[in-house]
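Here's a quick briefing to read alongside the structure. Grab the viewer and follow along.

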Amino acid sequence: MSKRKQHSPEFKAKVALEALKGEETASELASRFGVHPTMIHQWKRALLEGASDVFGRGGKRKPEIGEDEVKELHAKIGELAVANDFLSRKLKPWGVK
């Protein structure tokens, strides 16, 4: 069984922009870029729907998680590192790696 091909965002943008130009049909673009015409239509629609985000105020996206969550996650990492170190020292006498 073959894996699905993963296309980079740059490739998708390039194909969608070519589709927006309208100089070639979706079938022609599909044969040129080696993708299915349905994918071209989906990428084109996604580009059109997300275009307004490019010109939104602020320019940058807000971080997905806040500073409090970052501090909490760092504390959890510290706890797990201590526990891991403790267990590795306790398991050495039994020869467990």
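Which residues form one aromatic cluster? That would be Phe11, Phe33 and Trp43. Keep in mind that this is a predicted model. The chain has four helices and zero strands, so to read it from the N terminus you simply go α-α-α-α.

**The chain overall**
- Of the 97 residues in the chain, 11% are buried.
- About 9,000 Å² of the chain is exposed, and carbon and sulfur atoms supply 56% of that area.
- Take the contacts between residues at least 6 apart in sequence: 43% of them join residues at least 24 apart.

**The aromatic cluster**
- Searching the whole structure turns up two aromatic pairs.
- One is phenylalanine 11 with phenylalanine 33: the ring centres sit 5.8 Å apart and the planes are at 80°, so this pair is edge-to-face.
- That pair links distant parts of the chain, with phenylalanine 11 in helix H1 (residues 9-21) and phenylalanine 33 in helix H2 (residues 26-33), 22 residues apart.
- Phenylalanine 33 has a relative accessible area of 16%, and it counts as buried because the cut-off is under 20%.
- Phenylalanine 11 also pairs with tryptophan 43, again edge-to-face, at 6.1 Å centre to centre and 80° between the planes.
- Tryptophan 43 lies in helix H3 (residues 37-54) while phenylalanine 11 lies in helix H1, so this pair ties together parts that are 32 residues apart in sequence.
- Tryptophan 43 is buried too, with a relative accessible area of 10%.
- Leucine 17 is another H1 residue to look at: its C-alpha atom is 9.1 Å from that of tryptophan 43, although their positions lie 26 residues apart along the chain.
- Leucine 17 is partly exposed, at 47% relative accessible area.

**Helix H2 and its buried side**
- Which residues of H2 are buried? They are Ala26, Leu29, Ala30 and Phe33.
- These four cover an arc of only 105° around the axis, so they end up on the same side of H2.
- As background, an α-helix has 3.6 residues a turn, so residues three or four places apart point the same way.
- The buried residues of H2 pack against H1 and H3.
- Right after H2 comes glycine 34, which has a positive phi, near 75°.

**Salt bridges**
- How many salt bridges does a search of the whole structure find? It finds four.
- Lysine 21 and glutamate 18 meet through their side chains in a salt bridge of 3.3 Å, N to O.
- Those two are three residues apart in helix H1, which means about one helical turn separates them.
- Is lysine 21 buried or exposed? Lysine 21 counts as exposed at 52% relative accessibility, whereas glutamate 18 counts as buried at 16%.
- Glutamate 18 also meets arginine 32 in a salt bridge, 3.6 Å from N to O.
- Here glutamate 18 is in helix H1 and arginine 32 in helix H2, so the pair ties together parts that are 14 residues apart in sequence.
- Arginine 32 is partly exposed, with a relative accessible area of 44%.
- Over in helix H4, arginine 89 and aspartate 85 are four residues apart, which is about one helical turn.
- Arginine 89 and aspartate 85 form a salt bridge whose closest N and O atoms are 3.3 Å apart.
- Arginine 89 is partly exposed at 48% relative accessibility, and aspartate 85 is partly exposed at 41%.
- Shared partners join Glu18, Lys21, Glu24 and Arg32 into one salt-bridge network.

**A nonpolar patch on the surface**
- Which residues make the nonpolar surface patch of about 450 Å²? Phe86, Leu87, Leu91 and Trp94 do.
- One of them, leucine 87, is in helix H4 (residues 67-91).
- Leucine 87 counts as partly exposed, at 47% relative accessibility.

Methods
Residues are numbered from 1 along each chain as its sequence is written. This is a predicted model: local features need pLDDT of at least 70, side-chain atom pairs count only at pLDDT 80 or more; totals for chains, interfaces and linings use all residues. Side-chain values use heavy atoms; hydrogens and water are left out. Buried means under 20% relative accessible area, exposed over 50%, partly exposed in between (1.4 Å probe, protein chains only). Contact means heavy atoms within 4.5 Å. Accessible areas come from the Shrake-Rupley method with a 1.4 Å probe; for residues, only the protein chains shown count as cover. Rings of Phe, Tyr and Trp (its six-membered ring) pair if their centres lie within 6.5 Å; planes under 30 degrees apart count as stacked, over 60 as edge-to-face and the rest as tilted. Patches are made of residues with over 30% relative accessible area and no salt bridge: like charges are joined within 9 Å, nonpolar side chains (Val, Leu, Ile, Met, Phe, Trp, Tyr) within 5 Å. The arc is that of the directions from the helix axis to the C-beta atoms.
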